[in-house]
Amino acid sequence: MIIKTVNLETVCGVTSRLPENDKPEIAFAGKSNVGKSSLINALMNRKSYARISAQPGKTQTINFYNINEALYYVDLPGYGYAKVSLTEKEKWGRMIENYLKKSRQLKCVFLLVDIRHEPSVNDRQMYDWIVHNGYEPVVIATKLDKIKRSQLQKQLKLLRSGLGIGSQVTVIPFSAETKQGRDEIWDLIEQLTSG
Ligand code: GTP
Ligand code: MG
């Protein structure tokens with residue numbers, strides 16, 4: 001995909017109304033620190049347009065990035081961050097759920113899972129939640145540069161069994177450091193948002 005323009009167009013907090021966009025949306029979900037903002041930056045060809053942090057729990061809003069005036073990348077708040085209060089977690093949970101339910105333009109939800117670890121209960125819940133809302137998730141296995149190539153197949157197996165998914169579900173290994181996997185993700189986004 002050729003990126004001509006990017007623009008953080010809408011930022012939604014818990015009390016904001018969601019925008020009624022007229023262009024297709026692709027959303028990125030996953031636990032805090034998994035690499036959602038980093039992936040979005042890579043998919044925008046920008047180093048740090050979407051905020052990245054070593055401190056998890058940074059993206060606390062739903063951020064809509066207008067790409068080429070043709071589609072939106074939607075950065076969802078990360079779940080599962082221990083230091084956030086339960087009421088706060090519930091608010092975010094409802095905010096994400098509300099978005100999944102209400103968006104008319106959402107074409108696909110990418111679920112990000114760290115390739116180094118077995119998926120958590122929260123990851124599995126998020127996966128089931130996406131399916132429950134009628135979407136077919138695409139799984140991105142992040143931080144690919146952090147494992148040895150010899151570990152890849154074993155980690156992918158662990159990921160599939162942890163999420164309870166079969167071979168029909170697409171899993172794309174990705175690294176924000178090396179950009180490995182980016183072209184495949186771009187191709188998929190183009191397929192999902194064209195026409
Ligand atoms: P929240 O906004 O808290 O939900 O986090 P996030 O999912 O947006 O994660 P973010 O992109 O901010 O990345 C978290 C940390 O992981 C940062 O220190 C990133 O530099 C690092 N990181 C993200 N992706 C990769 C990757 O592919 N490889 C490596 N080595 N580090 C990564
Ligand atoms: Mg983020």
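Which residue just after α1 takes a positive phi? Keep that one in mind, everyone, and thanks for coming. Before the answer, one caution: what you see above is a predicted model.

So, the residue is Asn 45, with a phi of about 60 degrees. Let's step back into the helix that precedes Asn 45. Helix α1 covers residues 36-44, and nine of its nine residues are buried, so the rest of the structure largely encloses this helix. Among those buried residues are some you might not guess, including Lys 36, Ser 37, Ser 38 and Asn 41. Leu 39, Ile 40 and Leu 43 are on the buried list as well.

Now let's turn to the sheet. It is an open one, built from seven strands with mixed pairing, and if you walk across it you meet them in the order β1-β3-β4-β2-β5-β6-β7. At the edges sit β1, residues 6-12, and β7, residues 171-173, each with a pairing partner on one side only. Ignoring direction, neighbouring strands are turned by 25 degrees against each other on average.

Let's stop at β2. Is this strand mostly covered or mostly open? Mostly covered: six of its six residues are buried. That holds for both faces, with Glu 25, Ala 27 and Ala 29 on one side, and Ile 26, Phe 28 and Gly 30 on the other. On to its partners. With β4, residues 71-75, β2 runs parallel and shares four bridges, and here Phe 28 stands opposite Asp 75. With β5, the pairing is again parallel, this time over six bridges, and Gly 30 stands opposite Leu 112.

Moving along, β5 spans residues 106-114 and is joined by five bridges to β6, residues 138-142, in a parallel arrangement. If you want a place to look, find Phe 110, which stands opposite Val 138 in β6.

Next, the helices that pack here. Helix α3, residues 121-132, packs on the sheet and touches β2 and β5, with its direction at about 165 degrees to that of β5. Helix α4, residues 152-163, lies across β5, β6 and β7, and it runs at about 140 degrees to β7.

Helix α2 deserves a moment of its own. It has 17 residues, 86-102, and at 1.5 Å a residue they should span 24 Å; the end C-alpha atoms are 24 Å apart, so the two agree. Which of its residues are buried? Trp 92, Met 95, Ile 96 and Tyr 99. Viewed down the helix axis, the buried residues of α2 fall within an arc of 90 degrees, so they line one face. Here is a general point that helps: an α-helix has 3.6 residues a turn, so residues three or four places apart point the same way. The other side of α2 carries exposed residues: Leu 86, Thr 87, Glu 90, Arg 94, Lys 101 and Lys 102. And part of what covers the buried residues is strand β3, residues 62-67.

Last stop, the core. In soluble globular proteins, nonpolar side chains tend to be buried together. In this model, the largest nonpolar core has 46 residues, and Phe 28 and Leu 111 have the most contacts inside it. The largest share of this core, six residues, comes from β5. What does Leu 111 touch, leaving aside residues up to four places away in sequence? Its contacts are Ala 29, Gly 30, Met 126, Tyr 127, Ile 130, Pro 137 and Val 139.

That's my tour, and I'm happy to take questions.

Terms used: Residues numbered from 1 in each chain as written. Chains lettered and ligands numbered in written order. Predicted model: local features only at pLDDT ≥ 70, side-chain atom pairs only at ≥ 80, totals over all residues. Buried ≥ 20, exposed ≤ 12 C-beta atoms within 10 Å, placed from the backbone. Helix = DSSP H or I, 4+ residues; strand = E, 2+ residues; numbered from the N terminus. Pairing = 2+ DSSP bridges. Axes fitted to C-alpha atoms, helices over the stretch in contact; angles between N-to-C directions. Contact = placed C-beta atoms within 7 Å. Expected span 1.5 Å × (residues − 1). Arc of directions from axis to C-beta. Core = buried A, V, L, I, M, F, W, Y, C linked by C-beta atoms within 7 Å.
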